[in-house]
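Biologist: I'd like to go through this one with you and hear the reasoning behind the labels. Could you put it up on the screen?

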Amino acid sequence: MSTLLQVQNLQKTYGLRHLLDGASFSVAEQDHIGCIGRNGAGKSTILRIIAGTESKDDGEVVIMP
């Protein structure tokens, strides 16, 4: 099974608030994933960073072709 998405040490800060601090995960072929968490936890921010519509402060997002 090959990896489709790799996120490493993702960081995003809004003002003094650290929304994402070292988020890392990978998604392989045929994985079933979900994104859950409380309001304001960064779920939509992670998805926007992966989609390329929002910038990250640090870290790496690799989308395999």
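Modeller: Here goes: this is a predicted model, and buried residues make up 22% of the 65 residues in the protein chain.

Biologist: What makes a residue count as buried, say Lys12?

Modeller: The cut-off is under 20% relative accessible area. Lys12 comes in at 7%, so Lys12 is buried.

Biologist: Where does Lys12 sit, and which residues does it touch?

Modeller: Lys12 is in strand β1. Leaving out residues up to four places away in sequence, Lys12 touches Arg17, His18, Leu19, Leu20, Thr45, Ile49, Glu54, Ser55, Lys56 and Asp57.

Biologist: Glu54 is on that list. Why is the pair of Glu54 and Lys12 called a salt bridge?

Modeller: Check the distance: N to O is 3.8 Å between the two side chains. The limit is 4 Å, from a side-chain nitrogen of Lys or Arg to a carboxyl oxygen of Asp or Glu, so this pair makes the cut.

Biologist: What makes that a link between distant parts of the chain?

Modeller: The two residues are 42 apart. Glu54 is in the loop between α1 (43-51) and β3 (58-63), while Lys12 belongs to strand β1 (residues 3-14).

Biologist: And Glu54 itself, buried or exposed?

Modeller: Buried: its relative accessibility is 17%, and the label needs a value under 20%.

Biologist: How many salt bridges does a search of the whole structure find?

Modeller: Two. The other joins the side chains of Glu54 and Arg48, at 2.8 Å from N to O. That is again within 4 Å, so the name applies.

Biologist: What is linked in a network here?

Modeller: Lys12, Arg48 and Glu54, through salt bridges. Glu54 pairs with Lys12 and also with Arg48.

Biologist: Why is Arg48 called partly exposed?

Modeller: Its relative accessible area is 35%. Buried would need under 20% and exposed over 50%, so Arg48 lands in between.

Biologist: Let's do the nonpolar side. Which residues form the largest nonpolar core?

Modeller: Eight of them: Leu5, Val7, Leu10, Leu20, Val27, Ile46, Ile49 and Ile50. The elements giving two or more residues to this core are β1, β2 (17-28) and α1.

Biologist: How do you know that Leu5 qualifies as buried?

Modeller: Leu5 has a relative accessible area of 12%, which is under 20%, so the label holds. Leu5 is in strand β1, and its contacts beyond four places in sequence are Phe25, Ser26, Val27, Ile50, Val61, Val62 and Ile63.

Biologist: How far apart are Leu5 and Ile50, in sequence and in space?

Modeller: They're 45 residues apart in sequence and 9.0 Å apart in space, going C-alpha to C-alpha.

Biologist: Which residues is Ile49 in contact with, setting aside its neighbours within four places in sequence?

Modeller: Leu10, Lys12, Leu20, Glu54, Ser55, Lys56 and Val61. Lys12 and Glu54 in that list are also partners in a salt bridge.

Biologist: Now the backbone. What is the phi of Asn9, and what makes the value worth a mention?

Modeller: Phi is near 50°, a positive value in a residue other than glycine. Asn9 is in strand β1. Its relative accessible area of 36% is neither under 20% nor over 50%, so Asn9 is partly exposed.

Biologist: And what about the phi of Gln30?

Modeller: Positive too, near 65°, and again not glycine. Gln30 lies in the loop between β2 and α1.

Biologist: Why is Gln30 called exposed?

Modeller: Its relative accessible area is 71%, and the label asks for over 50%, so Gln30 is exposed.

Biologist: Zooming out, in what order do the elements run?

Modeller: From the N terminus on, β-β-α-β, with one helix and three strands in the chain. The C-alpha atoms fill a box of roughly 40 × 25 × 20 Å along the principal axes.

Biologist: What share of the contacts join residues at least 24 apart?

Modeller: 53%, among contacts between residues at least 6 apart in sequence.

Biologist: Last one: what about the surface and the charges?

Modeller: The accessible surface is about 4700 Å², and 51% of that belongs to carbon and sulfur atoms. As for charges, there are 6 positive and 7 negative, with mean positions 12 Å apart.

Note on methods: Residues numbered from 1 in each chain as written. Predicted model: local features only at pLDDT ≥ 70, side-chain atom pairs only at ≥ 80, totals over all residues. Heavy atoms only, no water. Helix = DSSP H or I, 4+ residues; strand = E, 2+ residues; numbered from the N terminus. Buried < 20%, exposed > 50% of the residue type's maximum accessible area, 1.4 Å probe, protein only. Core = buried A, V, L, I, M, F, W, Y, C linked by side-chain atoms within 4.5 Å. Contact = heavy atoms within 4.5 Å. Areas by Shrake-Rupley, 256 points an atom, 1.4 Å probe, with all protein chains shown as cover. Lys, Arg positive; Asp, Glu negative; His and termini not counted. Charge placed at Lys NZ, Arg CZ, Asp CG, Glu CD.
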